[in-house]
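User: Please take a close look at the nonpolar interior of this structure. I am new to it and would welcome one connected account.

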Amino acid sequence: MLHEAVALVIIALAPGLMGLAAAAGLDGGKWLAAAVGGGGWILAYVLRVPVTLIAGRVLESGQLLVLLLALSGIVEEGVRFLLIRWLRREEGVDIRKVLSLGLGWGVAEALLIYVAYIPLAMLRGYSYAEMLPGAVERVVATCFHTLVSLIVACAVLRSSLATLLGAMALHSGFNAVGVAAAATLRRLWLVEATLATTLLVPLTAAILCLRYLRGYGQGLSSAKSYTSAEEKEHVGAGI
């Protein structure tokens, strides 16, 4: 049983941690961004609790589910937007820092809602085969958080409310797909396959945002080079 639990932990966490190691390297600032991302997930979760408790008393189960799906996108991406805005450099957005934040967000979620639950689940009689799809789902979710972090970074850099609202809708929609798939599909692996396929949407949006972020950075570099050259010319002329 112990080796099965260890295997589930590795499956759920290792891809995100390896991605984080690649993105952050030995840069303390990027590891800080990952920690901020993990804290962001906790903060977003805590912010939803009072609303959920109050709404649970006045709404029917279906209405409550719709509210929770909406809040998942609004609160999480709202918090992510504020954190990325806080972490950004004056001259732009550090892409690897954004990736670190997204990976830290996903790893923290996997750790707190899946890994922490493994001992209790096994004591209740759940088998390795029954819990394996959940571990894979954590990997899919970590990928999603990483991709949507790039989209939100684009919203920060462009000061674009439309892009932020798109990220919120994307997040709520992703969770809605998961809920709908779990309710209609009989096999857990079909649910996970559906969620993995849904990643194509944020992946496409993230690629477009990544091109914008890189283009913005190159533009800044060119502007700095031009300004530096001008300053040297003025200094030379003064001499």
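Analyst: The following account treats the interior, then the cavity, and then the cysteines.

This is a predicted model, in which local features need pLDDT of at least 70 and side-chain atom pairs count only at pLDDT 80 or more, while totals for chains, interfaces and linings use all residues. Residues are numbered from 1 along each chain as its sequence is written, and side-chain values use heavy atoms, with hydrogens and water left out.

A nonpolar core is here a set of buried Ala, Val, Leu, Ile, Met, Phe, Trp, Tyr and Cys residues joined through side-chain atoms within 4.5 Å. Buried means under 20% relative accessible area, exposed over 50%, and partly exposed in between (1.4 Å probe, protein chains only). The largest nonpolar core has 38 residues, and the members that touch the most others are Ile84, Leu101, Trp105, Ile151 and Leu213. Two or more residues come from each of helix H2 (28–58), helix H3 (61–87), helix H4 (95–113), helix H6 (128–158), helix H7 (161–184) and helix H9 (200–238); helices (H or I, at least four residues) and strands (E, at least two) are DSSP runs, numbered from the N terminus. H6 gives the largest share of this core, 12 residues. A second, separate core holds 14 residues, among them Ala12, Leu13, Leu132 and Ala135.

Trp105 merits a closer view. Leaving aside residues up to four places away in sequence, Trp105 touches Gly37, Gly38, Gly40, Trp41, Ala44, Glu76, Val79, Arg80, Leu83 and His145, where contact means heavy atoms within 4.5 Å.

The structure also holds one cavity of 30 Å³ or more. On a 1 Å grid over the protein atoms alone, a cavity is a set of points where a 1.4 Å probe fits but cannot get out, and lining residues have an atom within 4 Å of a point. Grid points are joined across faces, edges and corners, and a volume is the space filled by probe spheres set on the points. The largest cavity contains about 60 Å³ of space, and its lining consists of Ile84, Leu87, Arg88, Val93, Asp94, Lys97, Val98 and Leu101. H3 and H4 are the elements that give two or more residues to this lining.

Finally, the cysteines. Cys154 is buried, because its relative accessibility is 2%. No disulfide, a pair of cysteine sulfur atoms within 2.5 Å, is found in the whole structure. The closest cysteine sulfur to that of Cys154 belongs to Cys209 and lies 3.6 Å away, so the two are too far apart for a bond.

Conventions: 1 Å grid on protein atoms, 1.4 Å probe; cavity = no way out; pocket = protein on both sides within 12 Å on 5 of 7 lines; lining within 4 Å.
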